[in-house]
Amino acid sequence: YLSFPLFFFFWRALLNIAMASVVTRVATFAGADALALQGLRGGRIAVMLGSFDPFHRGHQALCSSLLESHGCAAVLLLVPEVHFEKTIEEGKNASLQQRVDMLRALYQGEPRVGYGVAHEVLFVRLAQGLWREAFPSAAEVTFGMGQDRYACMLDSRSYFDTLGLEWTAGDQQELERLRDTCIVFSRDQTTPLLSLPGGVSSTLVRQALVGQRSGAVSSSTPEVMVDPAILAYIWQNGLYSTVGEDGQGGPGEAP
């Protein structure tokens with residue numbers, strides 16, 4: 001049997017090969033479009049870090065807003081390899097690869113959007129690593145996020161303390177840069193972007209998928225909340241057909 005460190009290294013190597021991607025210490029980017037993004041010079045890059053389980057029209061609207069209304073030359077959609085606040089369970093959630101594949105189904109061929117997996121999930125270190133290792137020619141690498149995620153970022157030092165990591169002057173300087181450059185969407189700002197009754201979230205999408213299979217009536221159908229390209233992937237791969245006690249969907253057969 002492989003020891004855990006060897007197994008983890010082997011698993012990540014397979015992930016990198018499967019994505020045919022640009023690989024850095026902090027993230028792996030899927031697809032040939034990432035190569036074009038690496039050549040970006042002088043533009044502002046915004047990172048959206050989320051579980052995207054699944055990626056819904058709310059996420060899509062924020063991504064479009066970053067590109068069209070906030071002067072970003074590109075947006076990076078990254079799924080964290082490790083979650084601090086969420087428990088991802090096999091059978092209740094889409095796998096890491098499946099979530100990246102859903103992003104690929106929607107954005108493949110869009111030169112301004114990159115997607116992949118974040119190996120580093122501490123905000124200050126992820127931003128530093130992306131700028132230095134993947135996009136050194138960019139004018140700026142920052143984040144696009146909601147108010148709750150922004151509050152977590154401002155509390156970065158407590159995450160370092162929890163993990164037993166040293167908080168350096170460089171980390172503090174990077175946090176201050178991100179505090180000033182982050183594009184933060186308030187709830188008042190996101191509501192007009194979504195224009196969906198009752199809002200939208202990945203949990204609501206999973207519940208709507210289960211309800212549609214069972215014939216239940218819902219105020220929002222999956223077709224309203226999810227782009228057809230991603231919805232087709234969900235049906236084809238039998239994702240989210242059951243809901244656990246926490247409201248999270250699990251895998252199953254498409255209707």
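Leaving aside its neighbours within four places in sequence, with which residues is aspartate 171 in contact? In this predicted model, the residues in contact with aspartate 171 beyond that sequence window are Val124, Arg125, Gln128, Phe160 and Glu166. Aspartate 171 itself is part of helix H8. The side chain is buried and yet takes part in no salt bridge, the nearest side chain of opposite charge being that of arginine 125, at 4.2 Å. A salt bridge is counted here when a side-chain nitrogen of Lys or Arg lies within 4 Å of a carboxyl oxygen of Asp or Glu.

The surroundings of aspartate 171 belong to the packing of two helices. Helix H5, spanning residues 123-134, and helix H8, spanning residues 169-181, have axes that come within 9 Å of each other and cross at roughly 85 degrees. With this crossing angle, H5 is roughly perpendicular to H8. On the H5 side, the contact is made by Phe123, Val124, Arg125, Ala127, Gln128 and Trp131, which meet Gly170, Asp171, Glu174, Leu175, Arg177 and Leu178 of H8. Sorted by class, the residues in the contact of H5 with H8 comprise six that are nonpolar, two that are polar and four that are charged.

Within H8, glutamate 174 and arginine 177 are joined by a salt bridge between their side chains, with an N to O distance of 2.7 Å. These two residues are three positions apart in helix H8, about one turn of the helix. Glutamate 174 has a relative accessible area of 9% and is therefore buried, and arginine 177, at 17% relative accessibility, likewise counts as buried. Elsewhere, salt bridges with shared partners connect Glu68, Glu110 and Arg112 into one network.

In that network, arginine 112 and glutamate 68 form a salt bridge in which the closest N and O atoms are 3.0 Å apart. This pair links distant parts of the chain, since arginine 112 lies in the loop between helix H4 (96-107) and strand S5 (113-118), whereas glutamate 68 lies in helix H3 (residues 57-68), 44 residues away. Arginine 112 is partly exposed, its relative accessible area being 30%, while glutamate 68 counts as exposed at 55% relative accessibility.

The number of salt bridges comes to eight, and one of them involves helix H5. There, the side chain of glutamate 133 meets that of arginine 25 in a salt bridge, with 2.9 Å from N to O. Because glutamate 133 lies in helix H5 and arginine 25 in the loop between strand S1 (22-23) and strand S2 (27-29), the pair ties together parts of the chain that are 108 residues apart in sequence. Glutamate 133 counts as partly exposed, at 32% relative accessibility, and arginine 25 counts as exposed, at 53%.

A further arginine, arginine 41, is placed in the loop between helix H2 (33-38) and strand S3 (44-49). With a relative accessible area of 67%, arginine 41 is exposed. The C-alpha atom of arginine 41 is separated by 9.4 Å from that of alanine 73, although the two residues are 32 positions apart along the chain.

Key: Residues numbered from 1 in each chain as written. Predicted model: local features only at pLDDT ≥ 70, side-chain atom pairs only at ≥ 80, totals over all residues. Heavy atoms only, no water. Axes fitted to C-alpha atoms, helices over the stretch in contact; angles between N-to-C directions. Helix = DSSP H or I, 4+ residues; strand = E, 2+ residues; numbered from the N terminus. Parallel < 35°, antiparallel > 145°, perpendicular 65-115°, else oblique. Contact = heavy atoms within 4.5 Å. Nonpolar A, V, L, I, M, F, W, Y, C, P; charged D, E, K, R; others polar. Buried < 20%, exposed > 50% of the residue type's maximum accessible area, 1.4 Å probe, protein only. Lys, Arg positive; Asp, Glu negative; His and termini not counted.
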